[in-house]
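Work through the following exercises with the sequence and the structure open beside you, and try each task before you read its solution.

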Protein chains: 2
Amino acid sequence: MAERLQVDYLLTCAADESAEDKARGIALEQTVELPAACVPAPLGDRVVGRVERLSALPEQRYEATISFDADLVGSELTQLLNTLFGNISLQDGIRLTDIRWPAGLLDALGGPGHGMAGIREATGVPAGEALLCTALKPVGLGPAALAERAHRFALGGMDLIKDDHGIADQPSAPFRERLAACQEAVARANAETGGNSLYLPNVTAPWPALEARLAAARDAGCRGVLISPWITGLDAMRWARDRFGLVLMAHPALTGSYFRPEHGLSPDLLLGDLFRIAGADASIYPNSGGRFGFSLATCEAINHRLRYPLGTLRPAAPTPGGGVDAARAADWITRYGTDTILLIGGSLYAQGDLTRATASLREAIGRG
Amino acid sequence: MAERLQVDYLLTCAADESAEDKARGIALEQTVELPAACVPAPLGDRVVGRVERLSALPEQRYEATISFDADLVGSELTQLLNTLFGNISLQDGIRLTDIRWPAGLLDALGGPGHGMAGIREATGVPAGEALLCTALKPVGLGPAALAERAHRFALGGMDLIKDDHGIADQPSAPFRERLAACQEAVARANAETGGNSLYLPNVTAPWPALEARLAAARDAGCRGVLISPWITGLDAMRWARDRFGLVLMAHPALTGSYFRPEHGLSPDLLLGDLFRIAGADASIYPNSGGRFGFSLATCEAINHRLRYPLGTLRPAAPTPGGGVDAARAADWITRYGTDTILLIGGSLYAQGDLTRATASLREAIGRG
């Protein structure tokens, strides 16, 4: 019999709320959606979620482990998300904190197609050295201006040059024109320097444009792309992995509302485990001390989940960004380790000369 | 020049936070993702979001209106979601409360393919009478047992019989077997009674299974389907509308985390405007007084947004569910009006005889 999916929830109970009832309520809500009395007897023991553990913490909080039948979850990301948090997203005081993944489910979902090691191979950056990434911006510039910026970054030795995630298919820089211009500019810089910078266009799009943009990126010679999986649907990333085989850098747009301390999914589970399982080779997250509010502990927890042994899944690349100061780059690498992609945008643009700013940044992290 | 997209945000400021800076921060973050000083001059006036209005409320709260360039948003749902709330989902104290939709954007996105009027046509329920919907459950039952339940509901005159949204493609009732069995059972009941019940299978699935299940539902003669658009990606619903033309009933799974009072999207915007614009003919939401915490005012606001004049978009059907008591059905119709689909599951199952329970429910709402 297949292993059950074990899920840990942090419950925060109202004054008049029983933790036992709340845990049991989750077990019913996320499976049969019926009161226990209405569940046909033979199903009760197997299909209904099982409260495996419930222990009290201070301040009306409880840790609960609920297990789910492997057949109920199946091996589709859609039903997995639904089982983990579909209906209870609409309730209060329920936070998903950990998942113990059955090996069969991990094998079925597959994880990163390339992972950290594959990104090293594509960029030629050896183990023991951190990688650098930047974003082409701002939206509103034309293909030529964006390509010029890409060229300058590549001349300085930037490993990964991605579109800003808000650059889609605007009239100012339609996807195909931008793709051609930026890919050419980066290839030209690589030819000049002997370097190996990669351009990652943003393919986040509706159907069937998503497929067309992935195909165009592949056909233009791109090794990878940027995608916002919470906007396309998480499974679209898994599908892109299987269909196109490109390196996938995942952006966290639209995920932030799940990250409340007492309700939702912990950021390390969503941007770590779930994005990794769904095929992210690199997972961007808002670094501590930037424009967003993640704590250092949260960032380190995400790093851990992107790298820890998880069935046979490849480790993915933590990609802290969102206001990282170039002057602190070396500190972050010291703290996070070299199996990290440091995403720095604004702090390079503020220096004016993008080639020189990139070269200095490389030097600062010991890659001069 | 195309109209700008006008968005209202409720800002909740920390003690040391300036509302002006916060509003200006959103305008930059959701567009150029750069400090104002780094934005090339010609783009500043057009591409950067524009703070149109900022007015103080009690307790450090403010109402801000920010407008976005129509070309920046374009007409893709993915970039629309990203512009509205992508990065700022990761910040605090920002709640989207209203959107004034440019007519061009509404025309491009299209809205419900059938709407309330189309559902009336498909079910034969005349204007002035409310519709009834129920869910086949629990997951774990086989196709024959689910089909038997569908048959009994249809014999009682249930208008819409949908899969529970957690019933996907489990081994207990694989999609195609379940589809064939339930569709046949409902057709048989219709032949017996002269009624016109519809079976709506749940097609929420990964790619390319989503497409295959939609095609199978259409080929089996189903007039509509159930989909959880926040799990598939919102645009997948729009795509399903364009590709298959079936009635789409949208389920709110996974949306709940956005509904905080001080951060996120208001439920009426997400389950009302956004689901309607993306093609939902009916939008399920957790009714007040059920297992979830929506207030009556929230429910009425959702109803309003599904029905109000919105460009040339068809009105959609509010579908309150999630613990509605059959005994209170008439009260809800009185309150919400007859252009409503009342979704009642558990309360019918609790009565045992599904045919009789459905017939009584019809009688209670004046459709005996």
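The axis of a helix is a line fitted to its C-alpha atoms over the stretch in contact, and the angle between two axes runs from 0 to 180 degrees between their N-to-C directions. The model used here is a predicted one.

**Exercise 1. Two helices of chain A**

Task: Find how helix α12 (residues 267-277) and helix α13 (residues 296-307) of chain A are placed against each other, and describe their contact.

Solution: Begin with the axes, which come within 8 Å and cross at roughly 20°. Angles under 35 degrees count as roughly parallel, and α12(A) is therefore roughly parallel to α13(A). The next step is the hand of the crossing, and here α12(A) passes α13(A) in a right-handed way. Now look for the residues that meet: α12(A) brings A:Pro267, A:Asp268, A:Leu269, A:Leu271, A:Gly272, A:Asp273 and A:Arg276, while α13(A) brings A:Thr298, A:Ala301, A:Ile302, A:Arg305, A:Leu306 and A:Arg307. Sorted by class, the residues of this contact are six nonpolar, two polar and five charged.

**Exercise 2. The corresponding numbers in chain B**

Task: Determine the angle and the hand of the crossing between helix α12 (residues 267-277) and helix α13 (residues 296-307) of chain B.

Solution: The axes of these helices come within 8 Å, and their crossing angle is roughly 20°. α12(B) and α13(B) are therefore roughly parallel to each other, and their crossing is right-handed. On the side of α12(B), the contact is made by residues including B:Pro267, B:Leu271 and B:Arg276, and on the side of α13(B) by residues including B:Thr298, B:Ile302 and B:Arg307. The class count for this contact gives six nonpolar, two polar and five charged residues.

**Exercise 3. A crossing at another angle**

Task: Decide whether helix α9 (residues 209-219) of chain A is parallel or oblique to helix α11 (residues 234-244) of chain A.

Solution: The two axes come within 11 Å and cross at roughly 40°. Because of this angle, α9(A) is oblique to α11(A). Their crossing is right-handed, and the contact joins A:Leu210, A:Glu211, A:Leu214, A:Ala215 and A:Arg218 of α9(A) to A:Ala236, A:Trp239, A:Ala240, A:Arg243 and A:Phe244 of α11(A). Seven of these contact residues are nonpolar and three are charged, with no polar residue among them.

**Exercise 4. Unusual backbone values**

Task: Locate the cis peptide bonds before A:Pro208 and B:Pro138, and state the phi of A:Glu33.

Solution: Keep in mind that most residues other than glycine have a negative phi, and that most peptide bonds are trans. In chain A, the bond from A:Trp207 to A:Pro208 is cis, with omega near -5°, and A:Pro208 sits in the loop between β7 (198-200) and α9. In chain B, the bond from B:Lys137 to B:Pro138 is cis, with omega near -5°, and B:Pro138 belongs to the loop between β5 (131-136) and α7 (143-156). Finally, A:Glu33 has a positive phi near 50°, and this residue lies in the loop between α1 (19-29) and α2 (41-44) of chain A.

**Exercise 5. Empty space**

Task: Describe the largest cavity and the second largest pocket by volume and by lining.

Solution: Rolling a probe the size of a water molecule over the atoms shows where empty space is left. A search of the whole structure finds eight cavities of 30 Å³ or more, and the largest cavity holds about 60 Å³. Residues of both chains line this cavity, among them A:Val139, A:His165, B:Glu29 and B:Asn82, and helix α4 (residues 77-85) of chain B gives the most to the lining, with three residues. The classes are two nonpolar, eight polar and two charged.

The second largest pocket has a volume of about 610 Å³. Its lining has 38 residues, and A:Arg291, A:Phe292, A:Gly322, A:Gly323 and B:Glu29 lie nearest its centre. At least two lining residues each come from β11 (282-286) and α15 (346-349) of chain A and from α1 (19-29) of chain B, and α1(B) supplies the largest share, six residues. By class, this lining has 17 nonpolar, eleven polar and ten charged residues.

Notes. Residues are numbered from 1 along each chain as its sequence is written. Chains are lettered from A and ligands numbered from 1 in the order in which they are written. This is a predicted model: local features need pLDDT of at least 70, side-chain atom pairs count only at pLDDT 80 or more; totals for chains, interfaces and linings use all residues. Side-chain values use heavy atoms; hydrogens and water are left out. On a 1 Å grid over the protein atoms alone, a cavity is a set of points where a 1.4 Å probe fits but cannot get out, and a pocket is an open set with protein on both sides within 12 Å along at least five of seven lines; lining residues have an atom within 4 Å of a point. Grid points are joined across faces, edges and corners, and a volume is the space filled by probe spheres set on the points. Helices (H or I, at least four residues) and strands (E, at least two) are DSSP runs, numbered from the N terminus. Ala, Val, Leu, Ile, Met, Phe, Trp, Tyr, Cys and Pro count as nonpolar, Asp, Glu, Lys and Arg as charged, and the others, Gly among them, as polar. Angles under 35 degrees count as roughly parallel, over 145 as roughly antiparallel, 65 to 115 as roughly perpendicular and the rest as oblique. A crossing is left-handed if the near helix is turned anticlockwise from the far one by less than a right angle, and right-handed if clockwise. Contact means heavy atoms within 4.5 Å.
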